[in-house]
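Here is a short briefing on one protein chain. Look at the structure first, then read the points below.

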Amino acid sequence: MLDNPIIQNVLSVALYLLRIAVPLLSIVVVCRCFHSLKAGRRREEPVVILQDMVTKEILPVLYWENSLGRSRSCDIVLHDSTASRDHAVLMRRESGWIVTDTNSKAGTRVNGKKVENRAQVLPGDVITLGSTSLMLKRTSEAKNLKVPKRRRVHAASPFGLLFTVMLVQVMLCIEVCFSSEPFNYMPFIPLGALVIMEWGLYLYSMKALNRVSFELETVGFLLSGIGIMLLSGTGVEKTYVQLGALLLGIVLFCVMIWFMNDLERVMRWRLAIAIGAIVLFAINLLFASENHGAKNWISLGPISVQPSEFIKIAFVFVGASTLDRLQTARNLSGFILFGGVCLGACS
């Protein structure tokens, strides 16, 4: 049936249109994901609240570490000319909520007492920044108070974006199937594995974890899917190796989400993870094989492992946890030390 010239012409036109549609849809997905990330989330629940003692305005505290000041870049903007642009930082630590002055001109006070380095803040305490006094309150205390409405920003549907990514993968699969004679059905197997993994992570993130953001994962599945679908037309072994690596990455990603959901657990384990990363560097230097002047890969039978990929995760993790006081004391020493060890091991 495919030998019919008319069918061949129609098929050629259809495949040509698919080649155009794939990059166009990919660009649309990336742009929509970028717009959603830039625009912000649909809804953010406050961790605690601050209430202006004069105007009674409610200021939601959305993060574990929040900058307060006159600058528009601050997490909590103070409309007070006597406050500094970057006045103070309110952060949550193991001991509770802490406020730190960031070398402001007017100083920061808690219940009238000037903060020299840092001071603990309990619900009911009043933080004074310039001429603005804010009382820390639990979110439950805001039930009968009028919280100012925030401008709602339209964001792309995570379901729609991931569905578009799946369409791109299906189009690529069809192209690969028709790229050889006779028609090759094998690319549908990695396509099915891709669909199961990406929608499985989507359901876990959106339903089990109640997350509202899936843009980064969507871009990751788009790029990974394009690579795997192209590989499926060249070799079965390489395709399944990449599918296994993707599955391992998804599992590690889910573990990281669970692990970093507990701030106290993160702070307890940061030193151990830093030491583990340095040990991985040492193993890499001792046992890795040299390829084009670089020692990156360690062979474990039929499987090759690149320890630096795991070290990248540890580097980001340790950097984020070590810089827990970046806004307050510019405490870079721990991260610089760890980064120096990593660079020294790479050189």
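Helices α2 and α3 count as roughly antiparallel to each other, because angles over 145 degrees are classed that way. Helices here are DSSP runs of H or I with at least four residues, and strands are E runs of at least two, numbered from the N terminus. The model is predicted, so local features need pLDDT of at least 70 and side-chain atom pairs count only at pLDDT 80 or more, while totals for chains, interfaces and linings use all residues. Residues are numbered from 1 along each chain as its sequence is written, and side-chain values use heavy atoms, with hydrogens and water left out.

**Helix pair**
- The angle between α2 and α3 is about 175°, and their axes (lines fitted to C-alpha atoms over the stretch in contact, with angles from 0 to 180 degrees between N-to-C directions) are 10 Å apart.
- Residues in contact (heavy atoms within 4.5 Å) include L162 and V165 of α2 and L191 and W199 of α3.

**Nonpolar cores**
- The largest nonpolar core (buried Ala, Val, Leu, Ile, Met, Phe, Trp, Tyr and Cys joined through side-chain atoms within 4.5 Å; buried is under 20% relative accessible area with a 1.4 Å probe, protein chains only) has 31 residues.
- F214, F221, M229, L246 and I250 touch the most other members of this core.
- Helix α2 gives the largest share, nine residues.
- Another core, of 20 residues, lies apart from it and includes V48 and L59.

**Sheet**
- Five strands form an open, mixed sheet in the order β4-β3-β5-β6-β9 (strands pair if DSSP finds at least two bridges between them).
- The edge strands are β4 (76–77) and β9 (118–121).
- Strands β3 (residues 65–69) and β4 pair in the parallel sense over two bridges.

Technical notes. Buried means under 20% relative accessible area, exposed over 50%, partly exposed in between (1.4 Å probe, protein chains only). Angles under 35 degrees count as roughly parallel, over 145 as roughly antiparallel, 65 to 115 as roughly perpendicular and the rest as oblique.
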